[in-house]
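Welcome to a short set of exercises on reading a protein structure. Have a look at the model below, then try each task before you read its solution.

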Amino acid sequence: MTRYAGNAAALRGLVRDQEVHRDVYVSEEVFQLEMEHMFPNSWVYVGHDSQVPNAGDYYGTTIGTQPILLVRHTDGTVKVLHNRCPHKGTRITSETCGNTGKFFRCPYHAWSFKTDGSLLAIPLKKGYENTGFEQSHAATGMAPVRHVRNYRGFVFAKINDGGLDFEEFFGESLSSFDNMIDRSPVGQLKVAGGVLRYMHNCNWKMLVENQTDTCHPMVAHESSAGTVVEVWKKAPPGTRKPMAVEIIAPFMSPYEFFENMGIRIWDNGHGHTGVHHSIHSDYSAIPGYFEKMTAAYGEERAKAILGENRHNTVYFPNIMIKGPIQLLRHFKPIAANKTLVESWTFQLVDAPDMLLERTLMYNRLINAPTSIVGHDDLEMYERAQEGLHSNANEWVNLQRLYSPDEAGQTNVAVNGTSEWPMRHQFRAWTKFMTMGM
Amino acid sequence: MSMVAEAPLKNAVPTDQELIDFVVREARLIDQQRFDEWLDLYADDAFYWMPLEWNQTDPRLTCSLMYEDKLLLSIRVERLKGARTFSQKPKSRCHHVLQTPQVDSRDAAANSYVTWTPMHYVETRLEEQTLYAAWATHHISVENGRLKIKLKRVDLINCDAAFGNIQLFM
Ligand code: FES
Ligand SMILES: [Fe+2]
């Protein structure tokens with residue numbers, strides 16, 4: 001049964017001012033339409049250019065559910081190619097990353113392609129003479145994703161030609177990337193430490209929404225963070241607070257903390273929590289770091305960079321970054337009820353190793369499939385995914401601190417427990433879902 | 001659930017059989033969810049390490065699935081008992097099948113013994129049951145006449161795969 005395909009009005013009807021219909025989470029049809037329309041209309045995160053430092057280096061990933069490759073071309077630029085042979089569709093690389101040399105060679109019939117995707121050679125080429133091959137789709141080689149932008153190392157791509165250009169899409173939200181990158185004394189990040197991959201039996205948007213859900217930590221994480229606080233109370237007085245306790249305990253901060261920390265709303269579904277302070281504000285100083293930053297930027301600028309304590313910055317549709325701890329979470333949709341969460345970490349080039357150590361500890365304690373904090377969250381997502389099959393109520397409520405004049409407002413800072421960011425994400429969802437329909 | 005309480009070592013230097021029994025006992029305490037007794041097998045400065053990378057050598061600047069000291073392990077054990085630990089309502093159960101542990105090295109002078117144990121581990125909750133294959137390496141020493149784990153390293157055969165929840169201990 002198709003209810004939504006080609007029906008922009010029906011799709012718009014799924015999102016109301018203060019609630020959304022459950023089909024945005026549970027309907028396979030809506031999911032397929034997200035893959036066909038919403039993801040290709042959006043600027044989607046692909047990867048970081050430090051994953052492909054040398055010519056011929058590639059990294060395989062997805063935009064929505066489509067397989068793509070990030071590759072360093074011979075001219076030094078990064079390209080994004082559809083990871084599909086133009087001959088019979090074979091995926092060109094199966095390893096996640098590697099070096100292909102000067103060209104890709106399909107393992108099935110040995111067609112080869114330059115690292116910008118263009119067709120290089122076909123064995124027994126004369127078999128295509130007088131067949132009109134030059135006019136075929138196949139003759140163009142591995143299709144490149146045409147709209148690619150490398151923003152200070154972070155590579156985004158947009159599959160469709162329509163839609164917004166990069167600057168328009170992101171607007172002022174790029175300031176969170178700037179802050180994360182500027183935390184390196186030389187203004188450069190490098191993917192480091194390995195990626196944590198965590199499978200979730202829930203819709204990808206539940207994860208995105210949760211990044212700005214500040215009314216859940218003290219409740220859902222009472223079991224993990226609350227236990228940390230309780231166990232730590234029993235430590236002999238004067239014991240130095242371990243890094244792990246510094247990381248997890250603030251999840252138990254009271255409502256007022258989260259109300260006051262603030263939320264900022266930008267255009268197109270982007271926004272961040274932690275305008276004034278955040279759960280990352282009170283980490284111990286890392287020896288030698290501030291001195292390096294002061295030497296690089298001068299004291300005033302160094303203080304301004306490190307004084308930003310943005311908590312979670314959500315970039316619509318499906319990533320979140322944590323500037324103060326150099327972490328990026330990528331919520332990769334697989335099916336309406338299945339999402340792969342990849343948590344990537346970055347080294348601040350030319351900063352003390354201890355920062356990377358803390359970043360990795362954070363990632364392991366919060367984002368691993370073995371993480372007790374992760375267990376708390378996933379339990380809630382899975383229960384929601386199941387509960388939504390109840391016919392008692394087809395709507396999910398996103399009404400907290402709603403104000404009728406909020407639509408269209410941008411670059412505003414509001415109460416940190418508002419569900420405005422979620423409403424805002426769904427306004428963007430409608431926009432990019434129905435764009436060009 | 002009865003199991004003979006851990007006996008002190010007969011001599012200052014453990015026999016191979018005593019090391020083997022110790023490793024088997026650790027797995028049994030986990031399977032029987034006797035987590036306080038289990039934690040007691042760990043030295044105060046112990047670490048439980050589950051690498052993320054194949055042949056990983058560094059737990060500090062390479063991420064791991066777990067790299068936890070006794071404080072973090074005790075937090076896990078407390079959390080499993082918590083009334084509001086919703087991911088454990090209902091509780092997970094687990095099951096170890098160990099190959100006979102092999103004593104890889106014994107250095108009585110340094111008070112350091114290392115065993116290597118291939119194993120299958122099953123964790124289950126509600127309708128889901130997941131099988132993991134792994135190798136456990138135990139670094140053991142003698143403290144006050146008892147064996148203690150200084151480091152337990154669990155290398156999953158598919159350490160780099162995407163996993164769902166792993167909630168108990170391998
Ligand atoms: S499928 Fe790639 S060369 Fe035939
Ligand atoms: Fe959470």
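From the N terminus on, chain B runs α-α-β-β-α-β-β-β-β-β. Please keep in mind that this model is predicted.

**Exercise 1. Describe the make-up and dimensions of chain B.**

Step 1. Start with the elements: chain B holds 3 helices and 7 strands.

Step 2. Look at the extent. The C-alpha trace of chain B spans about 45 × 35 × 30 Å along its principal axes.

Step 3. Compare chain B with a compact globule. For 170 residues, such a globule would have a radius of gyration near 15 Å, and the 16 Å of chain B agrees with this.

**Exercise 2. Work out how chain B and chain A meet.**

Step 1. Find who takes part: chain B gives 34 residues to the contact and chain A gives 36.

Step 2. Turn to the area. About 3000 Å² is buried between chain B and chain A, and carbon and sulfur atoms give 60% of it.

Step 3. Look for charged pairs. There are 4 salt bridges between chain B and chain A. One of them joins B:Arg84 to A:Glu222, with the closest N and O atoms 2.9 Å apart. A salt bridge here needs the nitrogen of Lys or Arg within 4 Å of a carboxyl oxygen of Asp or Glu, so this pair qualifies.

Step 4. Go on to polar contacts: 15 residue pairs make them across the interface of chain B and chain A.

Step 5. Ask which elements of chain B touch chain A. Both β2 (64–69) and α3 (70–81) of chain B supply at least two residues each. The largest share, 7 residues, comes from α3(B).

Step 6. Sort this side of chain B by class: 16 residues are nonpolar, 8 are polar and 10 are charged.

**Exercise 3. Describe the two domains of chain A and their interface.**

Step 1. Locate them: domain 1 of chain A covers 44–158, and domain 2 covers 185–434. Their centres, taken over C-alpha atoms, are 33 Å apart.

Step 2. Count the contact residues, which are 13 from domain 1 of chain A and 15 from domain 2 of chain A.

Step 3. Check the area: about 1000 Å² is buried between the two domains, with 67% given by carbon and sulfur atoms.

Step 4. Look at the pairs. The count of salt bridges between domain 1 and domain 2 of chain A is 0, while 2 residue pairs are in polar contact across this interface.

Step 5. Name the elements on the domain 1 side. Those giving two or more residues are β2 (44–48), β3 (57–63) and β11 (154–158) of chain A. By class, this side of domain 1 has 5 nonpolar, 7 polar and 1 charged residues.

**Exercise 4. Find a salt bridge within chain A, and some unusual backbone spots.**

Step 1. Begin with the total: the whole structure has 33 salt bridges over all chains. Among them is the pair A:Glu167 and A:Arg149, whose closest N and O atoms are 2.7 Å apart. The partners lie 18 residues apart, A:Glu167 in helix α4 and A:Arg149 in strand β10 of chain A.

Step 2. Recall the usual backbone: most peptide bonds are trans, and most residues other than glycine have a negative phi.

Step 3. Spot the cis bonds. One joins A:Phe316 and A:Pro317, with A:Pro317 in the loop between β16 and β17 of chain A. Another joins B:Lys89 and B:Pro90, and B:Pro90 lies in the loop between α3 and β3 of chain B.

Step 4. Finish with phi. A:Gln326 is not a glycine, yet its phi is positive, about 55°. A:Gln326 sits in the loop between β17 and β18 of chain A.

Definitions and conventions:
Residues are numbered from 1 along each chain as its sequence is written. Chains are lettered from A and ligands numbered from 1 in the order in which they are written. This is a predicted model: local features need pLDDT of at least 70, side-chain atom pairs count only at pLDDT 80 or more; totals for chains, interfaces and linings use all residues. Side-chain values use heavy atoms; hydrogens and water are left out. Domain bounds come from an automatic or database domain assignment. Contact means heavy atoms within 4.5 Å. Buried area is the accessible area (1.4 Å probe) that two parts lose on being put together, summed over both. A salt bridge is a side-chain nitrogen of Lys or Arg within 4 Å of a carboxyl oxygen of Asp or Glu. A polar contact is a pair of N or O atoms within 3.5 Å; within protein, one must be able to donate a hydrogen and the other to accept it, and residues adjacent in sequence count only if both atoms are side-chain atoms. Helices (H or I, at least four residues) and strands (E, at least two) are DSSP runs, numbered from the N terminus. Ala, Val, Leu, Ile, Met, Phe, Trp, Tyr, Cys and Pro count as nonpolar, Asp, Glu, Lys and Arg as charged, and the others, Gly among them, as polar. The radius of gyration is taken over C-alpha atoms; the globule rule is 2.2 Å times the number of residues to the power 0.38.
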